[in-house]
Amino acid sequence: MRGNMTVVVPLAPSHVNFLPGLFEQLTPDAGVIDRVIVCRSQLKKGQQREFLRFLRGLANRAGLKVSLSADDGMQLAGENRNKGLQLADTEYTAFLDADDHYMPQRLTRITQTLRSSASDLLLHDFLLEPTYPPTFPAAVWTNSDFVVADQLFQSTFPYGRQRNSEGTSPGDTNIQLPDTHAGHQVAHGHMTIRTELRRSFAFGTLHPGEDGQFCRDLLWAGKAVVYIFRMPSRRITHLCPRRPLSASATDWQEKSHMELSEIGDSAVLTVRRMLLK
């Protein structure tokens, strides 16, 4: 039975070494995930086949399917997101960053919420605590934990909108929360959307800020947007250890060596070179 969600991972070359931890975190959500699409830029054509073998090794261990969208040139995050969204063929598309951390069964809960609320876009709060491994508070949410589109529209666009001027100052592409939720934040890069929205919407060329602007586009257009002020993900900051999450191995370097060794000597050499870039 196919899952009803595609996971899109826009991947920077420097984040390749976080992929084993990401696939490990997605394992509890294998029942709702149809496949994971990794959208990688700056990957030479001669390396793409070996890199796909590397991805398939990780996906097989997690009980998932994976595909690769690769380009040998430099791609902005918005371009990678658009490529993944166009390739998705499920009801929902979830965007994840490889170097962040996610609560077990996060996507399963999000799928249930999207269906029960008939929403087009789901956003939520996120953790920034400088601890490792991350500790997630209780993330079982109810309707009382929602901020709905009407409230978000009023707080984000109190004086209308000038889209052409967005991206000129920090935070001006973000969804703004009502004063009643001061202190909470929005993980724009961890959004989940109804896939059919790609017919009318696409990520722009801002960097950073393309994810927030995309969310604002949907909200401005009157789409059903819901925000949950729970924290089922954790973003990496300079305060937090920048290393992959691995629940089943205390030494990630040893684990990654094992994973890469299983895909063949030539692939090991290729991927190790990628990890050093």
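Here are three short exercises, with worked solutions, on a predicted model.

**Exercise 1. Find how helices α1 and α2 are placed relative to each other, and which residues touch.**

Step 1: Locate the helices. Helix α1 covers residues 19-26 and helix α2 covers residues 45-62.
Step 2: Look at their axes, which come within 8 Å and cross at roughly 30 degrees.
Step 3: Classify the angle. Angles under 35 degrees count as roughly parallel, and α1 and α2 are therefore roughly parallel to each other. Their crossing is right-handed.
Step 4: List the residues in contact. From α1 come Leu19, Pro20 and Phe23, while α2 brings Phe51, Phe54, Leu55, Leu58, Ala59 and Ala62.
Step 5: Sort this contact by class: nine residues are nonpolar, with no polar and no charged ones.

**Exercise 2. Trace the open sheet of eight strands and find its edge strands.**

Step 1: Follow the order, which is β3-β2-β1-β4-β8-β6-β9-β7, with mixed pairing.
Step 2: Pick out the strands that pair on one side only: these edge strands are β3 (66-70) and β7 (146-148).
Step 3: Check the twist, which averages 20 degrees from one strand to the next.
Step 4: Visit the β3 edge. Strand β2 (residues 33-40) runs parallel to β3, and five bridges join the two. Val38 has Leu68 in β3 as its bridge partner.

**Exercise 3. Work out which strands α2 and α4 lie across.**

Step 1: Start with α2, which lies across β1 (5-11), β2 and β3 and runs at about 150 degrees to β3.
Step 2: Move on to helix α4 (residues 106-117). The strands it lies across are β1, β2, β4, β6, β7, β8 and β9, and α4 runs at about 130 degrees to β6.

Definitions and conventions. Residues numbered from 1 in each chain as written. Predicted model: local features only at pLDDT ≥ 70, side-chain atom pairs only at ≥ 80, totals over all residues. Heavy atoms only, no water. Axes fitted to C-alpha atoms, helices over the stretch in contact; angles between N-to-C directions. Helix = DSSP H or I, 4+ residues; strand = E, 2+ residues; numbered from the N terminus. Parallel < 35°, antiparallel > 145°, perpendicular 65-115°, else oblique. Left-handed = near helix turned anticlockwise from the far one by under 90°. Contact = heavy atoms within 4.5 Å. Nonpolar A, V, L, I, M, F, W, Y, C, P; charged D, E, K, R; others polar. Pairing = 2+ DSSP bridges.
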